[in-house]
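Hi,

Here is the structure I promised to pass on to you. Could you open it in your viewer before reading on?

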Amino acid sequence: MNTLYDIIGIPFGYLMSWIYNLVGNYGVAIILFTIVTKLIFFPVNYSTQKSSARMRLLNPKLEKLRKSYANNPTRLQEEQQKLYQQEGVNPMASCLPSFIQMFLIFGVIDVVYKPFTHILHLTKGVRESINTIASDIAVKAGGKAIQMSDLRCELRAMEQMSNPENSGKFESIGSDVMNQISELSSHFKLFGADLGK
């Protein structure tokens, strides 16, 4: 499942990175990113809503058919198909757009939950090193291990990194990466709320 998030998240990641670099605040970037993705999803949503509205208009006629052919399911199905053809309605038309939208949402989720990957563009090796150290700290503190397969692993690692007690434990990552993460952490608030939590 993580592979699906990763594949779909790559193009959205570049979009989120561009927005973050433009505004310099992760919270504001998420808001703008949401607006942009809503605009991207608008044609799909419009198509789904239009199809649903047309189906709702047909409901009285479909009910009448159901009452008329309650004892003959084969004939009911034939009559429903005729009605759909007469009205130019495809009852499955809303399924594909909904599926596409759900598919794309996996990418949006990946982008929001993985700032090291999509904003800082850290390599997999660096992310794994950070995760290993953060996981060890979490386990020693009596918490749960941080798995790379966990969708929120980067947010949980950032939480460990932003704790002043743990500052020296991440020295092996390198000062340039630590500075990047520290910079990102400082912009990870919106109206005083820590977005990592």
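Below is what I found in it, going from confidence to packing and then to charges.

First, please keep in mind that this is a predicted model. The protein chain has a mean pLDDT of 82, with 92% of its residues at 70 or more. By element, the mean is highest for helix 6 (residues 124–140), at 88, and lowest for strand 2 (residues 193–194), at 66.

On to the packing. The largest nonpolar core contains 34 residues, and M16, Y26, F116, I130, F170, I181 and L184 have the most contacts inside it. At least two residues of this core come from each of helix 1 (2–23), helix 2 (26–68), helix 4 (95–113), helix 6, helix 7 (153–162) and helix 8 (175–186). Another core, of eight residues, lies apart from it and includes L65, L76, Y84 and V89. If you would like one residue to start from, try F170: beyond its neighbours within four places in sequence, it touches I130, I133, A134, I137, Q160, M161 and M178.

Helix 7 is worth a look too. Eight of its ten residues are buried, so the rest of the structure largely encloses this helix. Those buried residues are C153, E154, L155, R156, A157, M158, Q160 and M161. Their cover includes helix 4, helix 5 (115–118), helix 6 and helix 8.

Now for the charges. The model has seven salt bridges. Which residue does R127 pair with? Its partner is E154, with 3.6 Å between the closest N and O atoms. Because R127 belongs to helix 6 and E154 to helix 7, this bridge ties together parts 27 residues apart in sequence. R127 is buried at 17% relative accessible area, and E154 is buried as well, at 4%.

D110 and K114 form another bridge, their closest N and O atoms being 3.1 Å apart. Here D110 is buried at 0% relative accessibility, and K114 is buried at 8%. R156 and D150 also meet through their side chains, at 3.5 Å from N to O; R156 counts as buried at 18%, while D150 is partly exposed at 25%. In addition, R75, E79 and K82 are joined into one network by salt bridges that share partners.

Two last items concern rings. R152 sits over the face of Y113, 5.8 Å from the ring centre. F188, in the loop between helix 8 and strand 1 (189–190), is buried with a relative accessible area of 2%.

Happy browsing, and best wishes!

Key. Residues are numbered from 1 along each chain as its sequence is written. This is a predicted model: local features need pLDDT of at least 70, side-chain atom pairs count only at pLDDT 80 or more; totals for chains, interfaces and linings use all residues. Side-chain values use heavy atoms; hydrogens and water are left out. A charge sits over a ring if NZ of Lys or CZ of Arg is within 6 Å of the ring centre and within 35 degrees of the ring normal. pLDDT is the predictor's confidence in each residue, from 0 to 100. Helices (H or I, at least four residues) and strands (E, at least two) are DSSP runs, numbered from the N terminus. A nonpolar core is a set of buried Ala, Val, Leu, Ile, Met, Phe, Trp, Tyr and Cys residues joined through side-chain atoms within 4.5 Å. Buried means under 20% relative accessible area, exposed over 50%, partly exposed in between (1.4 Å probe, protein chains only). Contact means heavy atoms within 4.5 Å. A salt bridge is a side-chain nitrogen of Lys or Arg within 4 Å of a carboxyl oxygen of Asp or Glu.
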